[in-house]
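Please follow this explanation with the sequence and the coordinates side by side, moving from one helix to the next.

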Amino acid sequence: MSLTSFSIILHHRLVATATPQLLRRFSFIPISARQQNRKPQAPSKNLLKAKHALKNFSSLAPNLSLEDNPPLSESQAVGVVASSQANFMRVVVQSVPDESSGGVELLCVVRALLKKIKRRVMVGDKVIVGSVDWVDRRGMIENVFQRNSEMLDPPVANVDHLLVLFSLDQPKLETFTLTRFLVEAESTGVPLTLALNKTELVDKETLDSWKARFHDWGYQPVFCSVKSGQNLDLLAFQLRDQTTVVVGPSGVGKSSLINALRSNHRTCDTADGENWFEPVLGSRWLEEQRVAEVSTRSGRGKHTTRHVSLLPLTGGGYLADTPGFNQPSLLKVTKQSLAQTFPEIRKMLGENEPAKCSFNNCLHLGEPGCVVKGDWERYSFYFQLLDEIRIREEFQLRTFGTKRESDVRLKIGNMGSQQAEPRLELKKHRRQSRKKTNQSILDELHDDDDEDEDNLLDEENDPFLNALRNENP
């Protein structure tokens, strides 16, 4: 017998013959029994604080407010997205190592993790850039600060003011298209200014008629002309010290107006003392924007501006030049919120206070007890847009339902700690199984047989064919 076997047998005999007092003295009690006799300990206060802090913390990319100052390494910097084109972003960072003053423009890509958790990066965003190569001016956007406001059409963040720009002629002013732009702008909740360009192409009578018409709509537009310089000083005064987005169709003169307002590229300090764009080393976005003539064949503008870019203004503030488009998506507008985007309806509801519509969900389509009448010019546009939004919402309800999972899921680990993980999409390109393929073929064959039987029944019951058969037996 080996020495190891002898020691094991001796250990079992001691345990079997020993008294409980002896076992307790030499700690022969099994581990499970000792755990049962142990008194439960109160959780540590520091551990409870850590668990509470982890509830609102994402290990993927923590949410940062605009006032936060996160610690940065030598290869990191904080900047503002100046433009976006394809998969690349041009970011103007505030501070550069080994340089006394000024910023620098970096060509950046977006971290893949931000795309997985559906955290979109937009022009105007304040971001953290990591893995910065200060020699080649490249980096990677690692995180995005929270936004004060955002727009979908065009995609711009931290917007303070909207400038809806149209032209009175070349291209001609279309009231329904203008209404769509105004509804999209009103739905954002951002203050807006309506400006009408190319006043030199119309006579005074046409100008007066448009003034009266827009007054009935509830707007006081600015009639300007880039060619003659009319009311450009007024627009520059209204846009100072703000981040303004210029929206409108192609050919109305957005880029020409921006070039006129940015006649001097030396920018002034903003109200809060932060100027991200002066001086910007290696930047191409301080140059004048490209412009083109209106097409002689279609009478519409050419798509000269093809991406969104943030540009500094002479008197302080920034302008966002955007590509022209004719159909805003209206994705944020619902059936109930559409009425609040029309100043005419807001005026009617305000004049009839304290009287209100009889129904809380009134859509102002002539329901009993509705205080909004249909004797205003854009009522047909309101009805048309309401019908379009209703069809879109019904399609979304049938397709996506009412529930939507978050783009981030929480995985609970030891001691109740939570760790965030991206919720990946289901595999859409997986090959279909042979069983499902064969079943679909059989279903199609059955459908074809049913159609053939229905056609035969229709031919037998057709009176015209029966009469031909009776004439030619």
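The paragraphs below take up three helices in turn.

The model shown here is predicted, and a good place to begin is helix α6, which covers residues 175–187. At 1.5 Å a residue, the 13 residues of α6 should span 18 Å, and the C-alpha atoms at its two ends are indeed 18 Å apart, so the expected and the computed length agree. Because 11 of these 13 residues are buried, α6 is largely enclosed by the rest of the structure, where buried means a relative accessible area under 20%. Among the buried residues are nonpolar ones such as Leu 178, Phe 181, Leu 182 and Val 183, but the list also includes Arg 180, Glu 184 and Glu 186. Following α6 comes Gly 189, which has a positive phi, near 80 degrees.

Helix α11, made up of residues 379–400, contains Glu 388. With a relative accessible area of 33%, Glu 388 counts as partly exposed, because that class lies between the 20% limit for buried residues and the 50% limit for exposed ones. Along the chain, Glu 388 is 53 residues away from Lys 335, yet the C-alpha atoms of the two are separated by 9.5 Å.

Helix α12, residues 434–460, is where Ile 441 is placed. Ile 441 is partly exposed as well, with a relative accessible area of 43%, and together with Leu 442 and Leu 445 it forms a nonpolar patch on the surface, the three having about 260 Å² of accessible area together. In general, an α-helix has 3.6 residues a turn, so residues three or four places apart point the same way.

Conventions
Residues numbered from 1 in each chain as written. Predicted model: local features only at pLDDT ≥ 70, side-chain atom pairs only at ≥ 80, totals over all residues. Heavy atoms only, no water. Patch = residues over 30% accessible without salt bridge, like charges linked within 9 Å, V, L, I, M, F, W, Y side chains within 5 Å. Areas by Shrake-Rupley, 256 points an atom, 1.4 Å probe, with all protein chains shown as cover. Salt bridge = Lys/Arg side-chain N within 4 Å of Asp/Glu carboxyl O. Helix = DSSP H or I, 4+ residues; strand = E, 2+ residues; numbered from the N terminus. Buried < 20%, exposed > 50% of the residue type's maximum accessible area, 1.4 Å probe, protein only. Expected span 1.5 Å × (residues − 1).
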